[in-house]
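User: Please take one part of this model and look at it closely. How is it packed and paired, and which charged side chains hold on to each other there?

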Amino acid sequence: MWVYRLKGTPWELDPILPELFDRGARGLEEREGEVLAYFQAPLELPFGGEWEELPDEDWLSAWRRDLKPALAPPFVVLAPWHAWEGPEVPLVIEPGMAFGTGHHETTRLALMALARHLRPGEKVLDLGTGSGILAIAAEKLGGEALGADIDPAVLPQAEANAKRNGVSPRFLLGSLEEALPHGPFSLVVANLFAELHAAFAPRYREALVPGGRLLLTGILREKAPSVREALEGAGFLPLEEEGEGEWVLLAYRR
């Protein structure tokens, strides 16, 4: 068995995942700052990754053994084969098919921020939904969630993950422009890159009710000032800032 190791951020790597499966990947593993794609044999791929041969063992069993639950209080993110006993709210997510397994700092920051800011009954937009994890978490907190993503390949996975968790958020193919007619929302959570947050700042205002909250992550620390400037220029008021590693989450209020 061989592993193809790709380094990058979620927004850089997420569009590549369906093509890796199309080219024969047997499974994917999301880690902090990289994705590992498992193949029976190496092949020519145009993505700039590196090949590494694995020891002769049952790679699927090893992968399942090494993939641990991810804590993001009050949540714990589990694969379907994980067992868990504890007070945390379980989020059961099939790993590998789309970003959002709880093992990346940006996902954990967003999950914990949702728990702090979301009130039951509020309408939530999860922009760039990926695996659907944030929309699913919002529904488990009592929200009414819509997940939007520009990648059609991830939406069936998001819907399957929602079914695993016994919740029913809606999922939409598109970006902020396509989501706006379904608003306004009390809360928007978005795990995107800093430049896109800055560009979206005026439209984020359109997406929110007066007093609505904006939870933005996927932002490298050194790029946070440009996002703050764009949001405050669009009339948003800062609520909080949380960080983990090289990433930050910015919370603002309309």
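Analyst: The answer takes the helices, then the strands, then the salt bridges.

This is a predicted model, so local features need pLDDT of at least 70 and side-chain atom pairs pLDDT 80 or more, while totals for chains, interfaces and linings use all residues. Numbering starts from 1 along each chain as its sequence is written, and side-chain values use heavy atoms, without hydrogens or water.

Start with two helices. Helix α8 covers residues 194-207 and helix α9 covers residues 224-233. (Helices are DSSP runs of H or I, at least four residues; strands are runs of E, at least two; both are numbered from the N terminus.) Their axes lie 8 Å apart, at an angle of about 5°. Therefore α8 is roughly parallel to α9. (Axes are fitted to C-alpha atoms, over the stretch in contact, and angles between N-to-C directions run from 0 to 180 degrees; under 35 degrees is roughly parallel.)

Now the contact itself (heavy atoms within 4.5 Å). From α8 come Ala194, His197, Ala198, Ala201 and Tyr204. They meet Ser226, Val227, Ala230 and Leu231 of α9. The tally is 7 nonpolar residues, 2 polar and no charged. (Nonpolar here includes Ala, Val, Leu and Tyr; Asp, Glu, Lys and Arg are charged; the others outside the nonpolar set are polar.)

Next, the strands. Strand β14 spans residues 247-253, and 6 of its 7 residues are buried, so the rest of the structure largely encloses this strand. (Buried is under 20% relative accessible area, exposed over 50%, partly exposed in between, with a 1.4 Å probe and protein chains only.)

β14 has two antiparallel partners here. One is strand β12, residues 208-220, joined to β14 over 6 bridges. (Pairing takes at least two DSSP bridges.) In that pairing, leucine 214 stands opposite tyrosine 252 of β14. The other partner is strand β13, residues 237-244, with 7 bridges to β14. There, glutamate 244 faces tryptophan 247 of β14. β13 and β14 form a hairpin, with 2 residues between the strands. Glycine 245 sits in that turn and has a positive phi of about 60°. Most residues other than glycine have a negative phi.

Last, the salt bridges. Across the whole structure, a search finds 12. (Each needs a side-chain nitrogen of Lys or Arg within 4 Å of a carboxyl oxygen of Asp or Glu.) Two of them matter to this tour.

The first joins glutamate 195 to lysine 223, with the closest N and O atoms 2.9 Å apart. Glutamate 195 lies in helix α8 and lysine 223 in the loop between β12 and α9, so the pair ties together parts 28 residues apart in sequence. Glutamate 195 is partly exposed, with a relative accessible area of 42%. Lysine 223 is also partly exposed, at 33%.

The second joins arginine 228 to glutamate 241, with the closest N and O atoms 3.0 Å apart. Arginine 228 belongs to helix α9 and glutamate 241 to strand β13, a link between distant parts of the chain, 13 residues apart. Arginine 228 has a relative accessible area of 25% and is partly exposed. Glutamate 241, at 39%, counts as partly exposed too.

Put together, α9 packs with α8 and carries arginine 228, the partner of glutamate 241 in β13. β13 in turn pairs with β14, and β14 also pairs with β12.

Technical notes
Angles under 35 degrees count as roughly parallel, over 145 as roughly antiparallel, 65 to 115 as roughly perpendicular and the rest as oblique.
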